[in-house]
2 protein chains.
Amino acid sequence: MNASVEMLGDRWSLLIIRDMMLRGFRTYKEFMECYEGIATNILADRLQKLVGFGIIESKPDPEDGRKLIYRLTRKGIDLAPVLTEMVLWAAAHEDTGNQALVQLMRQDKRKFMAEVRQRWAEGQSQA
Amino acid sequence: MNASVEMLGDRWSLLIIRDMMLRGFRTYKEFMECYEGIATNILADRLQKLVGFGIIESKPDPEDGRKLIYRLTRKGIDLAPVLTEMVLWAAAHEDTGNQALVQLMRQDKRKFMAEVRQRWAEGQSQA
DNA sequence: AATTATTACTTGCATAATGCAAGTGAAATG
DNA sequence: CATTTCACTTGCATTATGCAAGTAATAATT
């Protein structure tokens with residue numbers, strides 16, 4: 001593979017990207033509260049590395065100086081097809097996760113991904 | 001995600017699956033010789049776990065009793081879309097890896113994946 | 001038939017990655 | 001101005017990984 005793909009090859013990075021993409025997570029706290037078992041130092045490390053690889057970026061929250069807002073970059077949102085296929089694969093082969101989401105993806109993959117990109121672009125314009 | 005997706009979240013598993021899918025790797029030795037830095041115990045561990053998750057399976061080589069032949073299961077070959085999107089993403093955002101392969105994938109994703117499945121099915125019939 | 005080589009591992013040990021609890025500094029809240 | 005929140009960092013124990021060496025089973029060579 002290559003450097004960036006290796007970045008994805010760990011327990012948390014894909015999860016972080018997925019939840020930014022599909023659940024709108026944006027802050028350290030949201031990840032921390034959501035993932036059981038993630039260590040604080042590891043979350044900090046992964047966020048920094050994802051920034052380093054150009055997959056996400058961070059900026060201070062204009063409304064709360066303590067917070068950092070993380071966002072997917074273009075490179076990050078371009079992982080939408082990978083994540084989508086991964087969710088569909090998991091759904092097909094065992095999971096019973098978010099059936100509504102899976103339905104949306106399966107019915108019209110292109111449309112689903114276009115919507116993901118649309119939401120992302122709207123977020124960008126605010127930024 | 002789920003259990004199987006977590007299995008993919010490590011440094012070697014996706015690489016193993018990719019090389020079984022796209023490069024026709026089938027034996028411990030092929031992986032061992034190809035991956036610099038993989039430890040023998042880790043390769044053994046990953047192969048066993050991938051079997052455990054139903055992503056690959058193994059059988060003795062009928063022509064050489066020392067060898068085990070590993071093959072992707074249906075669940076494993078169903079990762080083709082994930083791997084394809086990952087290779088395309090990497091190619092788009094930095095790598096210069098296998099340009100010929102990337103061209104094939106980009107030009108007609110469906111056709112490419114159909115061919116991957118076809119090769120796999122042919123291998124199954126021999127088994 | 002006996003020796004050597006190959007294959008797919010396992011074992012032991014050192015190093016690196018991770019998890020957990022506690023602590024820090026800056027900004028917000030009461 | 002004391003307390004809380006937020007995004008971390010630090011120290012230490014546990015787990016995972018890398019490396020070198022060893023093993024059992026089969027195959028090839030002499």
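Q: By what turn and what shift can chain A be laid on chain B?
A: Copies are superposed by least squares on the C-alpha atoms of residues with pLDDT of at least 70 in both. Here, a turn of 180 degrees and a shift of 0.0 Å along the axis lay chain A on chain B with an RMSD of 0.0 Å. The two copies are thus related as by a two-fold rotation axis. Keep in mind that this is a predicted model, where local features need pLDDT of at least 70, side-chain atom pairs count only at pLDDT 80 or more, and totals for chains, interfaces and linings use all residues. As for names, residues are numbered from 1 along each chain as its sequence is written, while chains are lettered from A and ligands numbered from 1 in the order in which they are written.

Q: How many residues of chain A are in contact with chain B?
A: Two residues are in contact if their C-beta atoms, placed from the backbone, lie within 7 Å. By that rule, 24 residues of chain A touch 24 residues of chain B. On the chain A side, helices H1 (3–8), H2 (13–22) and H6 (80–93) each supply at least two residues, and H6(A) has the largest share, 8 residues. Helices (H or I, at least four residues) and strands (E, at least two) are DSSP runs, numbered from the N terminus.

Q: Why do we say the copies meet through the same surface?
A: Because 100% of the interface residues of chain A are also interface residues in chain B.

Q: Which residues are closest to DNA strand C?
A: A residue is near a strand if its C-beta atom, placed from the backbone, lies within 6 Å of it. DNA strand C has 20 residues around it, and the closest are A:Ala39, A:Gly65, B:Thr27, B:Lys29 and B:Thr40. H4(B) brings the largest share of that surface, 4 residues.

Q: And which come nearest to DNA strand D?
A: Out of 20 residues around DNA strand D, those are A:Thr27, A:Lys29, A:Thr40, B:Ala39 and B:Gly65. This time H4(A) gives the most, with 4 residues.

Q: In what sense do E1(A) and E2(A) pair?
A: Two strands pair if DSSP finds at least two bridges between them. Strand E1 (residues 56–61) of chain A pairs with E2(A) in the antiparallel sense, over 6 bridges. A hairpin of 2 residues joins E1(A) to E2(A). Look for A:Glu57, which stands opposite A:Arg71 in E2(A).
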